[in-house]
Amino acid sequence: MAEAPIRKIIHVDMDAFYASVEQRDDPALRGRPVAVGGRERGVVMAASYEARAFGVRSAMPSATAKRMCAELVFVKPRFDVYKEVSRQIRAIFLEYTPLVEPLSLDEAYLDVTTNLKDMPLASEIAREIRARILDQTGLTASAGISYNKFLAKLASDYRKPNGQYVIPPEKGPAFVESLAVGKFHGVGPATEAKMKRLGIHSGADLKAQTLEFLQEYFGKSGPYYHAIARGQDRRQVVPNRPRKSVGSETTFMQDLGRPAEVEDGIASVLEDVWSYCEKNGIAGRTVTVKIKYADFQIVTRSRTLLEPPVDKAALERVSVDLVRSIFPLEKKVRLLGVSLHNLYRPDEATAPPQLTLGLL
């Protein structure tokens, strides 16, 4: 039986995408530290490289970012523009391969093991794609090239901005061993902290653990960690991956201290969620509300229903009922969010029934 060919995977990641679009479209912002988003009580959605030099990062509270960089310029996000640029970039990808898996507006995996231009080297494909993106959009992109998704994503961070890096099969395991576990895609801050408590600080430390040990402490993620520590990742590049959830959240200008304010806040947040569902003809049976208190503690409440909410009023009733579970309020609320999960299209298939689970 013939061995499967070594895959050629490219991970393309736009450089500071939102901020770079704003600097492209407004010459006055070029060379200056820029943050997208960030109302007075909001968070930074994206930061230019000039802002990152001061330590400003995405998801950072705006007030913190401003303290770190007094010259920071805040601009409002323009998602219609970002989506249009993303469509331009996606069209370029599809000229090389139909196997394009978008992760967000600004990054995607491409499987170019076989490609539409019969180019033998994935590194040349990546270089050509990056040049075309620059020519057509005026924006720079970085790329990682390797034999699986995990390593390709690691590689795309290695020469940022406006660069690319190749991790060939013979160097993959050693590359992983040298990295801190916090650099691994799929290892978030909480998992990183847990690994360090267990004495796992690097890829080499992770590789030294048995599969049984990793399953004991990390459950169903254990086999994944066991594989990537050895430079292995069998995940395929999957085009048109179905969306799993839709949500919206708002940070309020003033903290909400009364139950009625919180209920009104929930009602205002879910407008975007329901509009998206109506526009795209989708429904979802699991409703989740997110509450961030003034001290930044976050709690969530979820409920899975037998039938999805039939209208915005029904979604509001479930969402308000969920948020009432935190009453009486022990502290003020800074942010509220509502999301729908278990999405499907009612006109395409009959969704299997599920039991109502109540609060999770």
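Helices here are DSSP runs of H or I with at least four residues, and they are numbered from the N terminus. With that in hand, let's work through a predicted model.

**Exercise 1. Find how the rings of Tyr18 and Tyr82 are arranged, and where the two residues sit in the chain.**

Step 1: Start with the tally, which is twelve aromatic pairs.

Step 2: Tyr18 and Tyr82 make one of these pairs, with 4.3 Å centre to centre and 5° between the planes. Planes under 30 degrees apart count as stacked, and that is the label this pair gets.

Step 3: Now place the partners. Tyr18 belongs to helix 1 (residues 17–25) and Tyr82 to helix 4 (residues 79–94), so the pair links distant parts of the chain, 64 residues apart.

Step 4: Check the burial, where the cut-off is under 20% relative accessible area. Tyr18 comes in at 17% and is buried; Tyr82, at 0%, is buried too.

**Exercise 2. Classify the pair Phe213 and Tyr217, and work out how many residues separate them.**

Step 1: The ring centres of Phe213 and Tyr217 are 4.7 Å apart and the planes make 45°. Stacked needs under 30 degrees and edge-to-face needs over 60, so this pair is tilted.

Step 2: Phe213 and Tyr217 are both in helix 10 (residues 211–218); because they are four residues apart there, about one helical turn separates them.

Step 3: For exposure, Tyr217 has 32% relative accessibility, which makes this residue partly exposed.

**Exercise 3. Which residues join Tyr18 and Tyr82 in an aromatic cluster, and which lysines sit over tyrosine rings?**

Step 1: Phe17 and Phe79 complete the cluster with Tyr18 and Tyr82.

Step 2: Turn to the charges. Lys117 has its charged end over the ring of Tyr96, 5.1 Å from the centre. Lys331 does likewise with the face of Tyr293, at 5.0 Å from the ring centre.

**Exercise 4. Sort out the strand pairing around strand 2: parallel or antiparallel?**

Step 1: With strand 4 (residues 73–75), strand 2 (residues 34–37) runs parallel, joined by three bridges. Val34 faces Val73 of strand 4.

Step 2: With strand 3 (residues 44–47), strand 2 pairs in the antiparallel sense, again over three bridges. Here Val36 has Ala46 as its bridge partner.

**Exercise 5. Describe the largest cavity: its volume, its lining and the class make-up.**

Step 1: There's one cavity of 30 Å³ or more, and the largest cavity holds about 60 Å³.

Step 2: Its lining includes Val12, Met14, Ile89, Phe93 and Asp106. Strand 1 (9–14), helix 4 and strand 6 (107–111) each give two or more residues.

Step 3: Helix 4 has the largest share of that lining, four residues.

Step 4: By class, the lining splits into six nonpolar, two polar and three charged residues.

**Exercise 6. Describe the two largest pockets: how much volume, how many lining residues and which classes?**

Step 1: The largest pocket has about 2,200 Å³. Of its 49 lining residues, Phe79, Lys83, Arg243, Gly247 and Tyr276 lie nearest the centre.

Step 2: That lining has 22 nonpolar, 15 polar and twelve charged residues.

Step 3: The second largest pocket has about 850 Å³. It is lined by 29 residues, with Asp13, Arg52, Lys153, Asp157 and Lys160 closest to its centre.

Step 4: Here the classes are 14 nonpolar, five polar and ten charged.

Definitions and conventions:
Residues are numbered from 1 along each chain as its sequence is written. This is a predicted model: local features need pLDDT of at least 70, side-chain atom pairs count only at pLDDT 80 or more; totals for chains, interfaces and linings use all residues. Side-chain values use heavy atoms; hydrogens and water are left out. Rings of Phe, Tyr and Trp (its six-membered ring) pair if their centres lie within 6.5 Å; planes under 30 degrees apart count as stacked, over 60 as edge-to-face and the rest as tilted. Buried means under 20% relative accessible area, exposed over 50%, partly exposed in between (1.4 Å probe, protein chains only). A charge sits over a ring if NZ of Lys or CZ of Arg is within 6 Å of the ring centre and within 35 degrees of the ring normal. On a 1 Å grid over the protein atoms alone, a cavity is a set of points where a 1.4 Å probe fits but cannot get out, and a pocket is an open set with protein on both sides within 12 Å along at least five of seven lines; lining residues have an atom within 4 Å of a point. Grid points are joined across faces, edges and corners, and a volume is the space filled by probe spheres set on the points. Ala, Val, Leu, Ile, Met, Phe, Trp, Tyr, Cys and Pro count as nonpolar, Asp, Glu, Lys and Arg as charged, and the others, Gly among them, as polar. Two strands pair if DSSP finds at least two bridges between them.
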